[in-house]
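Reader: Hi! I'm in my first year, and I'd love a close look at just one part of this protein.

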Amino acid sequence: MTSSPTTWRELRDWDRMEEDEIRRFEAMRERKTASQIAWDKFSKNPIPYILAPCVGYCIFAGLNALQTGHAYMAIKYLEYRIWTQGTAIASLFIGGVYYQRKERRDLFKLQPYGPYRKQYGKSHIGYTSDKRYGFNW
């Protein structure tokens, strides 16, 4: 059993050691498995992950139709591929814009003071207004 620190230097070293141990423990708790990471990404924007197999199916079905001599079906499958791939790419951009705006909206709601609140400088106890200057989303 170690004795308690007697000097400021020992106290500082002991405090640093304890803080490092706490940080390592927090880092251990924050680790996620690959399936948790995949589920988090899928739950944020599932559209591209659903449409990716559809794009693959359209490509291979279009190639099969082309090899068997069905030119019209091959063109249709390749057209479907373009639509599904474009929809997946559009959902990525729309999701990015949505989450950026959501992050800003949540950040502004957490600020008790500041230029984005109507009652600048007043006490924020019991303050429930969401009115902000310049941002109406």
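Could we start with a cysteine? What is the relative accessible area of Cys54?

Author: Sure! Cys54 has a relative accessible area of 33%, so this residue counts as partly exposed (buried is under 20%, exposed is over 50%, and partly exposed is in between, using a 1.4 Å probe and protein chains only). Before we go on, a quick heads-up: this is a predicted model, where local features need pLDDT of at least 70 and side-chain atom pairs need 80 or more, while totals for chains, interfaces and linings use all residues. Residues are numbered from 1 along each chain as its sequence is written, and side-chain values use heavy atoms, with hydrogens and water left out.

Now, where does Cys54 live? You'll find Cys54 in helix α3, which covers residues 47-67. (A helix here is a DSSP run of H or I with at least four residues, a strand is an E run of at least two, and both are numbered from the N terminus.) The protein has four helices and zero strands, and along the sequence that reads α-α-α-α.

Does a cysteine make you think of disulfides? The count here comes to zero, taking a disulfide as two cysteine sulfur atoms within 2.5 Å. Cys54 is in no disulfide, and the nearest cysteine sulfur, belonging to Cys58, is 6.8 Å away. Look at it from the other end: the closest cysteine sulfur to that of Cys58 is in Cys54, and 6.8 Å is too far for a bond. Unlike partly exposed Cys54, Cys58 is buried, with a relative accessible area of 7%.

Let's follow Cys54 to its neighbor helix. In α3, Cys54 and Cys58 are among the residues that meet α4, and on the α4 side the list includes Tyr77, Tyr80 and Ala88 (contact means heavy atoms within 4.5 Å). Cys54 and Tyr80 are 26 residues apart in sequence, yet their C-alpha atoms are 9.0 Å apart in space.

How do the two helices sit together? α3 packs with α4, residues 71-110, at an angle of about 165°, with axes 8 Å apart. That makes α3 and α4 roughly antiparallel, since angles over 145 degrees earn that label.

For another spot in this packing, try Ile47, also placed in helix α3. Ile47 is partly exposed, with a relative accessible area of 40%. Ile47 and Ala88 are 41 residues apart in sequence, but 6.3 Å apart from C-alpha to C-alpha.

Finally, zoom out. Of the protein's 137 residues, 14% count as buried, and Cys58 is one of the buried ones. Among contacts between residues at least 6 apart in sequence, 33% join residues at least 24 apart.

Notes:
Axes are lines fitted to C-alpha atoms, for helices over the stretch in contact, and angles run from 0 to 180 degrees between N-to-C directions. Angles under 35 degrees count as roughly parallel, over 145 as roughly antiparallel, 65 to 115 as roughly perpendicular and the rest as oblique.
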